[in-house]
Amino acid sequence: PTTERMLVVRNSADRVLNLFRFVYRGGHGPPALGSVGVAPSQLGKFASQFDQFDAACYLGRNHNWQGYFYQRGVLERIRGNLLLEFPAELAASKPSSHVEVVAAE
């Protein structure tokens with residue numbers, strides 16, 4: 001089976017994710033995917049199947065997975081990707097380079 005769509009929900013304000021680079025010696029490691037996301041230009045022909053979305057405005061600085069399931073805006077974005085549609089209020093504000101939360105079969 002192949003992945004038809006992928007949503008990455010990231011939190012650029014997450015304090016713990018922002019410290020990820022310090023896991024590496026000297027603090028010069030890569031940033032956490034959950035903090036910075038993926039550049040669509042790196043996805044080539046798969047970019048149209050990939051969506052990401054920064055949930056920092058809903059989740060704040062917390063490193064707590066429950067927040068992803070209790071915030072309506074986050075759930076609507078996840079639902080929209082699972083159903084291959086976006087709610088009307090999100091479709092109008094959807095940036096061309098957003099993504100986040102992985103849905104796989």
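**Figure 1. Strands E1 and E2 run side by side in the parallel sense, paired over five bridges.** This view, like those that follow, shows a predicted model. Within the pairing, Leu-7 stands opposite Asp-51 in E2, and Val-8 stands opposite Gln-52 in E2. How much of E1 is buried? Four of its five residues are, so the rest of the structure largely encloses this strand. E2 is mostly covered as well, with four of its five residues buried. As a reminder when looking along either strand, side chains in a regular strand alternate between the two faces of the sheet.

**Figure 2. A step back shows the whole protein chain, with its five helices and two strands.** Following the sequence, you meet these elements in the pattern β-α-β-α-α-α-α. The protein chain has 105 residues, of which 31% count as buried. About 7,000 Å² of the protein chain is exposed, and carbon and sulfur atoms supply 58% of that area. Contacts also reach across the sequence: among those between residues at least 6 apart, 66% join residues at least 24 apart.

**Figure 3. A salt bridge joins the side chains of Arg-10 and Asp-54.** The N to O distance is 3.6 Å. Which parts of the protein chain does this pair tie together? Arg-10 lies in strand E1 (residues 6-10) and Asp-54 in strand E2 (residues 50-54), so the salt bridge links parts that are 44 residues apart in sequence. Is Asp-54 buried, exposed or partly exposed? Its relative accessible area is 25%, so Asp-54 counts as partly exposed, given that buried means under 20% and exposed over 50%. The structure holds two salt bridges, and the next view turns to the pair formed by Arg-72 and Glu-76.

**Figure 4. Arg-72 and Glu-76 form a salt bridge within helix H4.** Their closest N and O atoms are 2.9 Å apart. The two residues sit four places apart in helix H4 (residues 72-82), which means that about one helical turn separates them. Is each partner buried or exposed? Arg-72 has 62% relative accessibility, so it counts as exposed. Glu-76, by contrast, is at 15% and counts as buried. As a general point, side chains of opposite charge can pair when their charged atoms come close.

**Figure 5. Trp-65, Phe-69, Tyr-70 and Leu-75 make up a nonpolar patch on the surface.** Together these four residues have about 530 Å² of accessible area. Phe-69 belongs to helix H3 (residues 66-70). With 48% relative accessibility, Phe-69 counts as partly exposed, whereas Trp-65 is exposed, with a relative accessible area of 58%.

**Figure 6. The rings of Trp-65 and Phe-69 meet edge-to-face.** A search of the whole structure finds three aromatic pairs, and one of them is formed by Trp-65 and Phe-69. How far apart are the ring centres, and what angle lies between the planes? The centres are 5.8 Å apart and the planes are at 75° to each other. Both residues are also members of the nonpolar surface patch.

**Figure 7. Gly-29 sits in the loop between E1 and helix H1 (33-36).** Is this loop residue buried or exposed? Its relative accessibility is 16%, so Gly-29 counts as buried. Leaving aside neighbours within four places in sequence, Gly-29 is in contact with Arg-21 and Tyr-24. Leu-19 offers another landmark here: 10 residues away along the chain, its C-alpha atom is separated from that of Gly-29 by 9.9 Å.

**Figure 8. Cys-57 can be found in helix H2 (residues 56-59).** How exposed is Cys-57? With a relative accessible area of 67%, Cys-57 is exposed. A useful partner to locate in this view is Ala-13, which is 44 residues from Cys-57 in sequence. In space, the C-alpha atoms of Cys-57 and Ala-13 are 8.5 Å apart.

Conventions. Residues are numbered from 1 along each chain as its sequence is written. This is a predicted model: local features need pLDDT of at least 70, side-chain atom pairs count only at pLDDT 80 or more; totals for chains, interfaces and linings use all residues. Side-chain values use heavy atoms; hydrogens and water are left out. Buried means under 20% relative accessible area, exposed over 50%, partly exposed in between (1.4 Å probe, protein chains only). Contact means heavy atoms within 4.5 Å. Accessible areas come from the Shrake-Rupley method with a 1.4 Å probe; for residues, only the protein chains shown count as cover. Patches are made of residues with over 30% relative accessible area and no salt bridge: like charges are joined within 9 Å, nonpolar side chains (Val, Leu, Ile, Met, Phe, Trp, Tyr) within 5 Å. Two strands pair if DSSP finds at least two bridges between them. Rings of Phe, Tyr and Trp (its six-membered ring) pair if their centres lie within 6.5 Å; planes under 30 degrees apart count as stacked, over 60 as edge-to-face and the rest as tilted.
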